[in-house]
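Here is a friendly tour of one model, written with a computational chemist in mind. Please take a look at it before reading on.

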Amino acid sequence: MQHIISVLVENKFGVLARVSGLFSGRGFNIDSLSVGPTLDPTTSMMTIVTAGDDRIIEQITKQLNKLVDVIRVVDLTDKEYVERETALIKIHAQDEDRGEALRIADIFRARIVDSTPNTYTIEITGDSKKIGAILNLLKPLGIKEFICTGRIAIAREEARVAAVREEGAPASVKDRRSSLA
Amino acid sequence: MKLSGAQILIECLRREGVKVVFGYPGGVNLPIFDVLYDEKEIEFILCRHEQGGGHMAEGYARATGKPGVLLVTSGPGATNTVTAIVDAYMDSTPMVIITGQVPTHLIGNDAFQEADVVGITRPCTKYNMLVKDVNDLAQALKEAFYIAASGRPGPVLVDLPKDVLLAKTEFKYPETVSVRSYSPILKGNRWQIKQAAEEISKARKPVIYAGGGVLHSGAWQELLDLAEMTHIPVTLTVMGLGAFPGQHPLFLGMLGMHGTYCANMAMHDADLIIAVGSRFDDRVTGKTSLFAPNARIVHIDIDPTSIHKNIKVHVPIVGDVKIVLRELNTILRTSGVGSMTPFREWIDQIAGWKREHPLSYNQGDSLLKPQYVIEKIYEMTHGNAIVTTDVGQHQMWAAQYYMFNRPRTFINSGGLGTMGYGLPAAIGAQMANRDSLVVCIAGDGSVVMNIQELATAVAYNLQVKVAIINNKYLGMVRQWQQLFYNGRYSSSFMGDSPDFVKLSEAFGAVGLRATKVGEVEGVLEEAFRVTTPVVIDFQVDPYENCYPMIPAGAGHNEMVFEDPENIGKKSPVKEEAAEGVLTA
Ligand SMILES: Cc1ncc(C[n+]2csc(CCOP(=O)(O)OP(=O)(O)O)c2C)c(N)n1
Ligand SMILES: [Mg+2]
């Protein structure tokens, strides 16, 4: 089953390599991964879309947590969350196709962000379904290029920690104040 | 006062209580060696190959429980350590590796002796870092030691560019350390521990399966208390040997692929398995679908990822083994479970298994048997030596026939299975215990992989005793070829070279040889008497196989005890060569 996991990490050199290396080294899938800054300049937020059975997802969240630079892991899958991705779609658009393209964009509340005599570039934001749907409609016009950010997601209520597992190890909370003389 | 990066490094090592550093110099770490030249408190051991230095640091760490420290140069110096780093990672050995790096302005330029060491070691260190500013150095080192030694221990690498070593700054030692994204869980969940006590009170056929985590957390007394209070028998993994007294009546011996019959049968038949600081490795479980079909499982481990990784367990407890066992013991004691009568029937059943298939071999009066040599070493050291091994049949025989009385006295490469581990690890262990007897039980194939470290042993007069179980073969490979490849001994024959006695003498060590049963005691006496490093070439039966054995993919109750009859003992191809060896 597909899971969407958000991972708060230290904004340090090499962290992305640690995370992606973990996935490749242990044979876990990454369907998409996006990284960006947070309000705190010392951290970054990753959204990882992955797939696997319960045992694999449990390993993924635990292994992510085990990485020293990972601050928090939340598996959003079982909760209410909002997800978005943004796509830029460059299509062939000449003559009457231009009107058709505009109509399709309008239906999806997409925007034309660039236009040349032969092309339009359409920007669309939504979940994967919506992007899939507009692609289907645009296909007959001829898609020249397509690029997509990958999914980002945010929990609707305050995010509970991923799996406070039965062993009592909050698989994902780490005490920020822990210290050792 | 301002100090250079190199001076700060040494000052930090001192404050961490480091007594010994192993390593090798080179262009970019010379500033550190220049500081070491005047250093009085820290002893530097010059290995002969950085891999050897790495295993020395591991041997030191396993003998003391403190991080071993390795200092090498950039590029080839650093890449030579990778095997040792992976080895330490697999066996959770605390280690701090300091690598020199080309100056920061050259990083990424394919400079002379540049290698992306942080990139190369990212998947095989617990943590690693490149320090680009001398002002961050002390903090980085503090974190390195903290991360290496806490939680589930492991190797941490710090990469230090030459300009950082030369740059000067005001030295401020960070007295405390805190890493916001890292805090191991030490105290187990109380409710879960109560569940474990509950399981114990209900069990009829319980067994404790303990591993290296008991040694890392220093929990051998708590383990002994638990076993003696509840009368639950104990089996240990190869990494756990020494965590429970080898001669204790409740001890079943090692479990797993070459474990004892009674340990594996007890695991197979158990209704409760209490896993303590062990991780259900495939060499332990055999085929997981056949593993312990009737058992409830309690799993105590500091690493949450170990739990449910290979085997689904019923009562998972994340925490430091010592802390958790203390609490469990208290609950058992106060609830009266501790004073339970022994599990009579279960103990009898286990005793039956012990009688049915004890560890056995047949010395006879011709060829020297490897097991006999190890038993003699055990007898003559009364189970009190620190024993290291290489990897192969001899390693398993050492694990089977040497009864370890004390913790941290069996040092071997369990997870990675690194040939060539034994000699340098023995040197490291000897550095930690200058007055103890350290014996390396080596393989003739393995030992040459790091034989150069004999020079190190001689140079520092570290009196390690290397007992080579010389079967002229990559014995474990030969055994598999005999059992699973119709005796086609493809590239597993090692033959007569080198002459280990002459080789040892060339290094300045004492070389001895025994080829007959009657010679074993004499050479061991001589070896333990002299106060120099000694190598003994024990020429043993090349065709002795290591039993019992669970063939890969089989269950615990499917052990094999002797050579199957339909398998020829000698390969027709190599017979001639092997005969030549025997008469040599
Ligand atoms: C570095 C390395 N290469 C290859 C192996 C695979 N291997 C495992 S045991 C073994 C044979 C070891 O031979 P020896 O040291 O003579 O020990 P014996 O089995 O004969 O006691 C080999 C080649 C390994 N474990 N490590
Ligand atoms: Mg051999």
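The notes below cover the model itself, a metal site and a chain contact.

## About the model

This is a predicted model, in which local features need pLDDT of at least 70 and side-chain atom pairs count only at pLDDT 80 or more, while totals for chains, interfaces and linings use all residues. Residues are numbered from 1 along each chain as its sequence is written, chains are lettered from A and ligands numbered from 1 in the order in which they are written, and side-chain values use heavy atoms, with hydrogens and water left out.

## The magnesium site

The magnesium ion (ligand 2) has protein donors B:Asp444 (OD), B:Asn471 (OD1) and B:Tyr473 (O), at 2.0 to 2.1 Å. Donors here are N, O and S atoms within 2.8 Å of the metal (3.2 Å for Na, K and Ca); water is not among the atoms, so sites may look incomplete. Along the sequence, the spacing of these donor residues reads D-x26-N-x1-Y.

B:Asp444 is buried, with 6% relative accessibility, and B:Asn471 is buried as well, with 5%. (Buried is under 20% relative accessible area, exposed over 50% and partly exposed in between, with a 1.4 Å probe and protein chains only.)

## Where the chains meet

Chain A brings 31 residues to the contact and chain B brings 29 residues, counting heavy atoms within 4.5 Å. Three salt bridges link chain A and chain B; A:Asp40 and B:Arg180 form a salt bridge through their side chains (3.9 Å, N to O). The term requires a side-chain nitrogen of Lys or Arg within 4 Å of a carboxyl oxygen of Asp or Glu.
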